[in-house]
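Please look through the sequence and the model together, and keep both in view while reading. The paragraphs that follow go from one part of the chain to the next.

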Amino acid sequence: MMIKTIGVVGAGSMGAGIANLAALNGFNVVLRDIEDRFLEGALARLDKFMSKSVERGKMTEEEKQEALGRIQTTTKLEDLKDVDVVIEAVLEDLDLKKDVFSQLDEIVREDVILATNTSSMSITEIAAATKRPDRVAGMHFFNPAQLMKLVEVVRGYETSDDTVSSLRVLSAQLKKEVVEVKKDTPGFIVNRIMIPQFIEAIRLLEEGVASAEDIDKAVKFGLNYPMGPFELQDYAGVDIGYHVMEYFNNEFNDPRFAPPLLMKQMMRAGRFGKKSGAGFYDYEEKKELVKK
């Protein structure tokens, strides 16, 4: 199947980044969200993101405008009826995702692949909301989608070889490195490895072994990671990490994956990371605020 137009559902950080990535690589994009203000905000962020690339000489102003011109925005799911593939990037809420897939199943052509950008949730359960479970798969990008090189292509229980092959080809066209997740397991590969690291880092902080700043420093310089665990959680969203931990705990029925008490306290305090102005660090004063 020739893919020319990509539908993206959800204009948040991930959805907007995926739309931008597709447009930069020559695809037409239909970007959908529930309100115009979310779409306007997404386009403003993309304009700012690409303006920095223009300033650095990585692209021209003409290329930027061409990319923006390839993105059509809408608040109507029905406007995705002619796309060749859909990538869903709504909130990490399983019921919401299932509802979106059920609606898309009735709107798009029978041959269209429905992919979800979920970072951890069951592809099989999402696919069961459609009449085409063989055409449903995970296509997990990393934030920011324009820059991060990896895509996890994830099989659900009934995902066909043809669907996986098509998404591998599309990922290559988007200039990404691809790994195939052969079994539908919570967290796939990257988050299955990363979440336990986050939990252990939080436990070290709770126990008073070291400060958040020094734990981040140790991981960055000791393991050569680009960001420490607390910097990364604040960047990605403390709330997102918390919900993934809860999902792991429930799916695996294993208390090792349960969110630490400090994580629960931060959720109650509304400390969700950079987006709320404070997480493990206070971004107003740019200093560590949470000690334990």
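A residue is called buried when its relative accessible area is under 20%, and exposed when that area is over 50%. By this cut-off Ser160, with a relative accessible area of 18%, is buried, because its value falls under the 20% limit. The coordinates come from a predicted model, and everything said about them here should be read in that light. Ser160 belongs to the loop that runs between β7 (150-155) and α6 (161-173), and, leaving aside residues up to four places away in sequence, Ser160 touches Asp134, Arg135 and Arg155.

Two annotations from the record help to divide the chain. In an unreviewed entry, UniProt lists residues 5-184 as "domain: 3-hydroxyacyl-CoA dehydrogenase NAD binding", and this span is 41% helix and 22% strand, with its end C-alpha atoms 27 Å apart. The UniProt annotation "domain: 3-hydroxyacyl-CoA dehydrogenase C-terminal", also from an unreviewed entry, covers residues 187-283; there the content is 63% helix and 2% strand, and the end C-alpha atoms lie 29 Å apart.

The sheet is a convenient place to begin. It is an open sheet of 8 strands with mixed pairing, and the strands follow one another in the order β3-β2-β1-β4-β5-β6-β7-β8. Because β3 (71-74) and β8 (177-181) stand at the edges and have a single partner strand each, one side of each is left without a neighbour in the sheet. From one strand to the next, the twist averages 25°. Strands of a sheet pair through backbone hydrogen bonds, in either a parallel or an antiparallel sense. Strands β4 and β5 run parallel and are joined by 4 bridges, while β5 (residues 113-116) pairs with β6 (residues 136-141), also in the parallel sense, over 3 bridges. In the latter pair, Thr116 has Gly138 of β6 as its bridge partner.

In a regular strand, side chains alternate between the two faces of the sheet. Strand β5 shows two such directions, with Ile113 and Ala115 pointing one way and Leu114 and Thr116 the other, and all of these residues are buried. Opposite Leu114 of β5 stands Val86, a residue of strand β4 that is buried with a relative accessible area of 1%. Apart from residues up to four places away in sequence, Val86 touches Gly7, Val9, Leu80, Leu104, Val108, Val112, Ile113, Leu114 and Ala115.

Several of these residues return in the largest nonpolar core, which has 45 residues and in which Val9, Val86, Leu104, Leu114, Phe230 and Phe280 have the most contacts. Two or more residues of this core come from each of α4 (94-107), α5 (123-127), α7 (190-206), α8 (212-223), α10 (238-252) and α11 (261-269), and α7 gives the largest share, 7 residues. Another core, of 37 residues, lies apart from it and includes Ala67, Ala89, Val164 and Leu174.

Which helix lies across several strands of the sheet? Helix α1 (residues 13-24) lies across β1 (5-9), β2 (28-32), β3, β4 (85-88) and β6, and runs at about 165° to β2. Helix α1 is also among the elements that cover the buried residues of α3, together with α2 (36-55) and β3. Those buried residues of α3 (residues 61-69) are Lys64, Ala67 and Leu68, and since they fall within an arc of 100° when seen down the axis, they line one face of the helix. On the other side of α3, Glu62 and Gly69 are exposed.

A comparable description can be given for α11, where Leu262, Met263, Met266 and Met267 are buried. These residues cover an arc of only 140° around the axis, which puts them on the same side of α11. An α-helix has 3.6 residues a turn, so residues three or four places apart point the same way. The cover over the buried residues of α11 includes α7, α9 (229-236) and α10, whereas Leu261, Arg268 and Ala269, on the other side of α11, are exposed. Just after α11, Gly270 takes a positive phi of about 75°.

Note on methods:
Residues numbered from 1 in each chain as written. Predicted model: local features only at pLDDT ≥ 70, side-chain atom pairs only at ≥ 80, totals over all residues. Heavy atoms only, no water. Pairing = 2+ DSSP bridges. Axes fitted to C-alpha atoms, helices over the stretch in contact; angles between N-to-C directions. Contact = heavy atoms within 4.5 Å. Buried < 20%, exposed > 50% of the residue type's maximum accessible area, 1.4 Å probe, protein only. Arc of directions from axis to C-beta. Core = buried A, V, L, I, M, F, W, Y, C linked by side-chain atoms within 4.5 Å. UniProt positions renumbered as here; feature names shortened; annotations may be inferred.
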